[in-house]
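Please examine the model shown below and consider the questions that accompany it.

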Amino acid sequence: MEARRQRFLFGEIGLFKVGCFGFEENLWGDGEKRVFVNMWESPALLKVVAFAWRVFLNCIPTRGNLALRNVLPSDSSLLCALCERVEESALHLFLHCGVASLVWLKLILWLDFWFLIPPSLFVHWECWSLGGRSKKMVKGLWLFWHTTI
Ligand SMILES: [Zn+2]
């Protein structure tokens, strides 16, 4: 597990560096670094955890990211494909979009614990990490989190 965790910390996969706009390891605080370390202990499939890692790094092809890389035609809409209200970003798609919020809300109610949708995915992960009474329960909550992402 330690080797798995080490390979994926802070923007590197083996010999490859992830090219993200604005990504610099020094920008991360202790809370974000804790998430990057702990997320690899999740019992979710490795490819699911790796996808979540890319979401945390904002390295998924959202309309906002594609526009930054000049991939989209200049007349393309940058609005969220689900709600068409806000520019599409990883944070919006997976946390703040009305569709995503509804999914999180139903899951939170089903699990019978409660917290407000926080302003960042890192804080959201930490809220799920605090929901368990034991390490085994926390890992179960992380599995729910990864499955939902
Ligand atoms: Zn939306």
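The questions and answers below concern selected residues of this predicted model.

Q: Is His-124 buried or exposed?
A: His-124 lies in helix α7, which spans residues 121–130. A residue counts as buried if 20 or more other C-beta atoms lie within 10 Å of its own. His-124 has 20 other C-beta atoms within 10 Å, and therefore His-124 is buried.

Q: Which residues does His-124 touch, not counting residues up to four places away in sequence?
A: Contact requires C-beta atoms, placed from the backbone, to lie within 7 Å. One residue that meets this criterion is Leu-95, which is 29 residues apart from His-124 in sequence and 8.4 Å apart in space, C-alpha to C-alpha. With residues up to four places away set aside, the residues that His-124 touches are Leu-95 and Pro-118.

Q: Which residues have the most contacts inside the largest nonpolar core?
A: The largest nonpolar core comprises 21 residues. At least two residues of this core come from each of α2 (30–38), α3 (46–56), α5, α7 and α8 (135–148). The residues with the most contacts inside the core are Met-39, Val-49, Phe-94, Leu-121 and Trp-125.

Q: Which residues does Trp-125 touch, not counting residues up to four places away in sequence?
A: Trp-125 is among the residues with the most contacts inside the largest nonpolar core. Leaving out residues up to four places away in sequence, Trp-125 touches Val-35, Met-39 and Trp-145.

Q: What is the phi of Asn-70, and is Asn-70 buried or exposed?
A: Asn-70 lies in the loop between α4 (63–68) and α5 (90–96). Although Asn-70 is not a glycine, its phi is positive, at about 60°. Asn-70 has 8 other C-beta atoms within 10 Å, and the limit for an exposed residue is 12 or fewer, so Asn-70 is exposed.

Q: Where is Glu-84 found, and what is its phi?
A: Glu-84 has 9 other C-beta atoms within 10 Å and is therefore exposed. Glu-84 is found in the loop between α4 and α5. Its phi is positive in a residue other than glycine, with a value near 55°.

Q: Is Ala-81 buried or exposed?
A: Ala-81 is found in the loop between α4 and α5. Ala-81 and Arg-63 are 18 residues apart in sequence and 8.6 Å apart in space, C-alpha to C-alpha. A residue is exposed if 12 or fewer other C-beta atoms lie within 10 Å of its own. Ala-81 has 12 such atoms, so Ala-81 is exposed.

Methods:
Residues numbered from 1 in each chain as written. Predicted model: local features only at pLDDT ≥ 70, side-chain atom pairs only at ≥ 80, totals over all residues. Helix = DSSP H or I, 4+ residues; strand = E, 2+ residues; numbered from the N terminus. Contact = placed C-beta atoms within 7 Å. Core = buried A, V, L, I, M, F, W, Y, C linked by C-beta atoms within 7 Å.
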